[in-house]
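Biologist: Please take a close look at the salt bridges of this model and set them in the context of the fold around them.

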Amino acid sequence: VNITRMEIDEVVEGHRALRAFLQRVHQDCGADVLRADLEQLQALLPHHFRYEEHAGGFLDQIRRSRRHGQVLAARLEKEHVSLLATLAELRDLAARDQDDALKEAVRAFALDLERHEREEAGLLAEPDPLGELPRPSDSD
């Protein structure tokens, strides 16, 4: 089972939305914007991660087609859990009106999320040693 063109497009679109959030964080936007971003991330990230983790999905393909794929996929899944837990903590912090603390915590979260997403995007872009992951330019 290979990842379809549609699945790749959905993963890429999720990454675009996350990049937009990361750009806003780096622009030193206000705490109210960050609060709204956290709500949007709450709607996006769980779905995005479930999609990557579903049977036959992105991480399954990594498990089957990459050297050390089991270890890599397990680590990425653990990062999903950690990122979602941090997001919940940030939303709690956002409700307490501690703007400076919120900005600092969101920036730290953004760095972790950025590194995680960059690694996943790299897995989509790099040549697949076993030839099982289609490239975005491949036809269905």
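Modeller: A salt bridge is a side-chain nitrogen of Lys or Arg within 4 Å of a carboxyl oxygen of Asp or Glu. The model is a predicted one, in which local features need pLDDT of at least 70 and side-chain atom pairs count only at pLDDT 80 or more, while totals for chains, interfaces and linings use all residues. Residues are numbered from 1 along each chain as its sequence is written, and side-chain values use heavy atoms, leaving out hydrogens and water.

The setting is a helical one. The protein has five helices and zero strands, where helices (H or I, at least four residues) and strands (E, at least two) are DSSP runs numbered from the N terminus. Along the sequence this reads as α-α-α-α-α. Of the 140 residues, 41% count as buried, that is, under 20% relative accessible area, with exposed meaning over 50% and partly exposed the range in between (1.4 Å probe, protein chains only). Among contacts (heavy atoms within 4.5 Å) with a separation of 6 or more, 76% are between residues 24 or more positions apart.

The whole structure holds eleven salt bridges. One of them joins the side chains of Glu-119 and Arg-75, with the closest N and O atoms 2.4 Å apart. Glu-119 belongs to helix H5 and Arg-75 to helix H4, so this pair links distant parts of the chain, 44 residues apart. Both ends are partly exposed: Glu-119 has a relative accessible area of 23%, and Arg-75 has 33%.

A further bridge brings H5 and H2 together. The side chains of Asp-99 and Arg-35 meet at 2.6 Å, N to O. Since Asp-99 lies in helix H5 and Arg-35 in helix H2, the pair ties together parts that are 64 residues apart in sequence. Here the two ends fall into separate classes, because Asp-99 is partly exposed at 34%, whereas Arg-35 is buried at 15%. The pair also belongs to a network of salt bridges that links Asp-32, Arg-35, Asp-97 and Asp-99. Within this network, Asp-97 is placed in the loop between H4 and H5. Asp-97 has a positive phi of about 55° although it is not a glycine, and it is exposed, with a relative accessible area of 61%.

H1 and H2 are joined in turn by Arg-24 and Asp-37, whose side chains form a salt bridge of 2.9 Å, N to O. Arg-24 in helix H1 and Asp-37 in helix H2 are 13 residues apart, and the pair links distant parts of the chain. Arg-24 counts as partly exposed at 25% relative accessibility, while Asp-37 is buried, with only 4% relative accessible area. Arg-35 and Asp-37 thus stand, together with nonpolar residues such as Leu-38, Leu-41 and Leu-45, in the list of buried residues of H2.

Leu-45 leads from these charged pairs to the nonpolar interior. A nonpolar core is a set of buried Ala, Val, Leu, Ile, Met, Phe, Trp, Tyr and Cys residues joined through side-chain atoms within 4.5 Å. The largest one has 21 residues, of which Phe-21, Leu-45, Val-106 and Phe-109 touch the most other members. At least two residues of this core come from each of H1 (5-26), H2, H4 and H5 (99-125), and H2 gives the most, with six. Leaving aside neighbours within four places in sequence, Leu-45 is in contact with Leu-18, Leu-84, Leu-87, Phe-109 and Leu-113. A second, separate core of eight residues includes Ile-62, Leu-72, Leu-123 and Leu-124.

H4, which carries Arg-75, also places an acidic residue in the interior. Glu-79 lies in helix H4 (residues 69-94) and is buried, with a relative accessible area of 14%. Apart from neighbours within four places in sequence, Glu-79 is in contact with Arg-115 and His-116. Asp-112, in helix H5, is partly exposed at 44%. The C-alpha atoms of Asp-112 and Glu-79 are 9.1 Å apart, although the two residues are 33 apart in sequence.

Just before H4, the loop between helix H3 (58-65) and H4 holds His-68. His-68 has a positive phi of about 65° without being a glycine, and counts as exposed at 61% relative accessibility.
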